[in-house]
Amino acid sequence: MAKLRSLRQICFGILPVTNEELIEKAISVLNPRPLSTPDIKAGMVACALLTKGGKVYTGVCVDAYCALGFCAETAAIGAMITAGETAIDKIVAVGTNKNILTPCGRCREFMYQIDNKNHNCIVLMPKGKTSLLKELLPQHWYEEYAKVNNV
Ligand SMILES: [Zn+2]
């Protein structure tokens, strides 16, 4: 049976990316390796995100001393923003065992702040589960801040 195509697919020629394909994209950039010393490393976590525009961006983490470095999600989001996009449709991160990892609090907040559409982006979770970003940030601080500051 033919799959129904969304209006977005028909109008813009955007092909769907399945959750499995997005996970495979993330796994394809996993590459744990030391950088300048054995303790300064990259590629232990990899991320792939699909934008509302239908493009996939990837990134890997970098861990360095002095709290330097960044998450794989941050790297993928940076690539997305560099290309001029901000709205995430869905996102996944994987660890060295190709296991799905949930985004840390900083990455959740980062996604939340860069585009209001991201509040409803789909976060792939372990065990085949999914969650909306806003469900991972309940009682978000910005709601009260916006009220008090008339934003
Ligand atoms: Zn993070």
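What follows is a short tutorial dialogue on reading strands, core and helices in a predicted model.

User: What should I know about the model and its numbering before I start?

Analyst: This is a predicted model, where local features need pLDDT of at least 70 and side-chain atom pairs count only at pLDDT 80 or more, while totals for chains, interfaces and linings use all residues. Residues are numbered from 1 along each chain as its sequence is written.

User: Okay, strands. Which strands does S2 pair with?

Analyst: Ground rules: helices (H or I, at least four residues) and strands (E, at least two) are DSSP runs, numbered from the N terminus. Two strands pair if DSSP finds at least two bridges between them. Here S2 covers residues 41-51 and pairs with S1 (residues 33-34) in the antiparallel sense over two bridges. S2 also pairs with S3 (residues 56-63), antiparallel again, over seven bridges. Then there's S5 (residues 88-94), joined to S2 by six bridges and running antiparallel to it.

User: Which residues can I click on to see those pairings?

Analyst: For S1 and S2, look at Pro-34, which stands opposite Lys-41. For S2 and S3, find Leu-49, whose bridge partner is Tyr-57. For S2 and S5, try Leu-50, opposite Lys-90.

User: How many residues sit between the strands in the hairpins?

Analyst: The hairpin of S1 and S2 has six residues between the strands. The one formed by S2 and S3 has four, and there Gly-54 takes a positive phi near 90°.

User: Which residues other than glycine have a positive phi?

Analyst: Lys-98 is one of them, with phi near 65°; Asn-150 is another, near 55°. Lys-98 lies in the loop between S5 and S6 (100-101), and Asn-150 is in the segment after H6.

User: Are those two buried or exposed?

Analyst: Count C-beta atoms, placed from the backbone: a residue is buried if 20 or more others lie within 10 Å of its own, exposed if 12 or fewer, and partly exposed in between. Lys-98 has 12 such neighbours inside 10 Å, so it counts as exposed. Asn-150 is exposed too, with 5 other C-beta atoms within 10 Å. As for H6 itself (residues 141-149), zero of its nine residues are buried, so the helix lies largely in the open.

User: Now the inside. Which residues have the most contacts in the largest nonpolar core?

Analyst: In soluble globular proteins, nonpolar side chains tend to be buried together. A nonpolar core here means buried Ala, Val, Leu, Ile, Met, Phe, Trp, Tyr and Cys residues joined through C-beta atoms within 7 Å. The largest one has 29 residues, and those with the most contacts inside it are Cys-47, Leu-49, Ala-72, Ala-76, Val-92 and Ala-93. Elements giving two or more residues to this core include H2 (19-29), S3, H3 (72-82) and H4 (105-114). S2 gives the most, with six residues.

User: What does Ala-93 touch?

Analyst: Contact means that C-beta atoms, placed from the backbone, lie within 7 Å. Leaving aside neighbours within four places in sequence, the contacts of Ala-93 include Ala-26, Val-45, Cys-47, Ala-72 and Leu-101.

User: Last one: how do H3 and H4 pack?

Analyst: Two packed helices are described by the angle between their axes and the distance between the axes. H3 and H4 pack at about 20°, with axes 9 Å apart. That makes H3 roughly parallel to H4 (angles under 35 degrees count as roughly parallel). At this interface, Glu-73, Thr-74 and Ile-77 in H3 meet Cys-107, Phe-110, Met-111 and Ile-114 in H4.

Definitions and conventions:
Two residues are in contact if their C-beta atoms, placed from the backbone, lie within 7 Å. Axes are lines fitted to C-alpha atoms, for helices over the stretch in contact, and angles run from 0 to 180 degrees between N-to-C directions. Angles under 35 degrees count as roughly parallel, over 145 as roughly antiparallel, 65 to 115 as roughly perpendicular and the rest as oblique.
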